Amino acid sequence: MALRAEGSSWAIATPHDAATRAGAAAFERGGTAMDAAIHAAVTLAVAYPHMCGVGGDLFALVQRADGEMLAINSSGRSPAGADPTALDGLAEMPIRGPIPITVPGAVAGWRAIHTTGAVLPWASAFETAIGLAADGVAVSRSLAGALTEPDTPFAADPGLAQVFYPDGAPAPLGATVRNPALASTLETLAADGPDALYGGPVGDAYAAGLRSAGSPIAHDDLARHEASILAALRSRFRDWHVSVVPPNSQGVVLLQILSLLDRLGIDPDLDGEDAGRIARVIDAANMDRDRHLADAERMAVHPSTLLDDAHLAGLADEASRARAPLHADGDTIALVTADAEGNAVSLIQSLFWGFGAGILEPATGIVAQNRGACFTLEAGHPNRFAPGVRPFHTLMPVLVHDRDGLVGVPGTMGGYQQPQINLHTITRTFVGGAHPADAVATPRWVVLGSDEGREPSVVALEPGVPEAARASLLHTAGFALTEDDSFGHAHLIRVRDGRLLAGSDPRADGSAEAG
């Protein structure tokens, strides 16, 4: 299981070795970066079932060989039958259970990527995943950790218990788990396409099962879903242009941070003496995200306004006193692919929290996402819970260009901390010159925020963060520090001098391959 790879024809990095192998096999069969991305993504729906799947959402940035860049937003909406008044009296959205379940967008996202430049048959992307679901997949380190996490409701759900808790105990590391219902679902999707889920028999079975669990998701909610293909949002940082998917994705936060570092003349070395100033910028951008981001159709400001000069000037002033609220991590996957023809994909798909809503619909084997937990119950907020709307979304694929073309394909999981983790990997590679494998592996720190706005804000550090950064964060910027084992897992491909350099994060269970 190699964490770094270099080649001249193609490259891929994912968080699970089975997915990397599936994508590499697609390349070896003559497929493009789009083919490899879909093969890997479908495989991850089985191999990393706690983080992503048919019941989750997907965002992607796709660059085609002709240079065209496409932003794909396949995030689902809340059910049309959702009743916000049922939550009157609550301070926050429920995290688990039927209420935060939203329409799944991943499968429509796979199809959207396929239409942008895949050359292998749609059904071929499902072959590995079907085999793993039917014959079994070994429990990875990450999955084993999710199954044994304390105070989770997973064993109480009949669908999850049947697959992952044989004899009432969590399947241990290395054990084989099977999900024959999911294998059947994937076979139908391979044969009949996404319509089987969005208005077809798979969707009807899924909706019926969720209704019995208390969700109002219905046939029409699924039938109405379509992936949106948009123009990317782009901003300059030094000699590069960084591109993200527009809101409801939080990608704009990364662009704000990079723009503010340039504007304020801050050294982007996150291991150095300016770490505290960088953390203040991050805190201010996080507060801005929490004020504004939502379904683009509901935002009070146009997304481009968040990057205009006057708005950034205000954020620069806020950076001296920012106190963003705490946000929990999320369970997500990112994968990256690129080929010598100029095709590239940065793809992220997710159930949000581990095992999403904590419900596996038994007839289809699909785990339901809990993305609706990203709504707020704050009156008047553009992201307030409502029927038929998309929530604010943490998923944010990224592409990096210089004046000559594509130079980087980053991606990371990490919930609300994704902009920060991308900041670490992008600056380490493009400013610091690190190989992608080193950029994603190096210890990192993230701003978690403050509890209900109280001072001081908290920064969490992995073991090995240099003392210069620790001192700057604690003494210069006044953050409270806490330790944690790891934050997110990132993957990165760099295009340089005709070579494709790939790195996969050791925090995950994946690998990088190139040819």
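# Exercises on a sheet and a cavity

Five of the seven residues of strand 19 are buried, so to speak of the strand as mostly covered is fair by the under 20% cut-off for relative accessible area. The model used in these exercises is predicted.

**Exercise 1.** State in which order the seven strands of the open sheet follow one another, and which strands stand at the edges.

*Solution.* Step 1: reading across the open sheet gives the order 1-20-19-15-14-9-8, with antiparallel pairing. Step 2: strand 1 (4-7) and strand 8 (233-237) each have a single partner strand, so they stand at the edges and one side of each lacks a neighbour in the sheet. Step 3: from one strand to the next, the twist averages 20 degrees.

**Exercise 2.** Follow the pairing from strand 14 to strand 20, giving the number of bridges at each step.

*Solution.* Step 1: strand 14 (residues 398-402) and strand 15 (residues 405-412) run antiparallel and are joined by three bridges. Here Asp-402 has Gly-405 of strand 15 as its bridge partner. Step 2: strand 15 is joined to strand 19 by five bridges, again antiparallel. Thr-412 has its bridge partner in strand 19, namely Ala-490. Step 3: six bridges link strand 19 with strand 20 (residues 499-504) in the antiparallel sense. Across this pair, Leu-501 in strand 20 is opposite Arg-494. Step 4: the hairpin of strand 19 and strand 20 has two residues between the strands, and Asp-497 in this hairpin takes a positive phi near 55 degrees.

**Exercise 3.** Find which strands helix 10 and helix 13 touch, and give an angle for each helix.

*Solution.* Step 1: helix 10 (residues 251-264) lies across strand 8, strand 9 (240-244) and strand 14, and runs at about 20 degrees to strand 8. Step 2: helix 13 (residues 418-431) packs on the sheet and touches strand 8, strand 9, strand 14, strand 15 and strand 19 (490-496). The direction of helix 13 makes about 140 degrees with that of strand 15.

**Exercise 4.** Describe the largest cavity by its volume and its lining.

*Solution.* Step 1: there are two cavities of 30 Å³ or more. Step 2: the largest cavity has a volume of about 150 Å³. Step 3: its lining holds 19 residues, and Ala-45, Val-46, Pro-49, Asn-179 and Leu-182 lie nearest the centre. Step 4: at least two lining residues come from each of helix 2 (33-47), helix 4 (127-135), helix 6 (158-164) and strand 13 (366-367). Step 5: sorted by type, the lining of the largest cavity has 15 nonpolar residues, three polar and one charged.

Definitions and conventions. Residues are numbered from 1 along each chain as its sequence is written. This is a predicted model: local features need pLDDT of at least 70, side-chain atom pairs count only at pLDDT 80 or more; totals for chains, interfaces and linings use all residues. Side-chain values use heavy atoms; hydrogens and water are left out. On a 1 Å grid over the protein atoms alone, a cavity is a set of points where a 1.4 Å probe fits but cannot get out, and a pocket is an open set with protein on both sides within 12 Å along at least five of seven lines; lining residues have an atom within 4 Å of a point. Grid points are joined across faces, edges and corners, and a volume is the space filled by probe spheres set on the points. Helices (H or I, at least four residues) and strands (E, at least two) are DSSP runs, numbered from the N terminus. Ala, Val, Leu, Ile, Met, Phe, Trp, Tyr, Cys and Pro count as nonpolar, Asp, Glu, Lys and Arg as charged, and the others, Gly among them, as polar. Two strands pair if DSSP finds at least two bridges between them. Axes are lines fitted to C-alpha atoms, for helices over the stretch in contact, and angles run from 0 to 180 degrees between N-to-C directions. Contact means heavy atoms within 4.5 Å. Buried means under 20% relative accessible area, exposed over 50%, partly exposed in between (1.4 Å probe, protein chains only).
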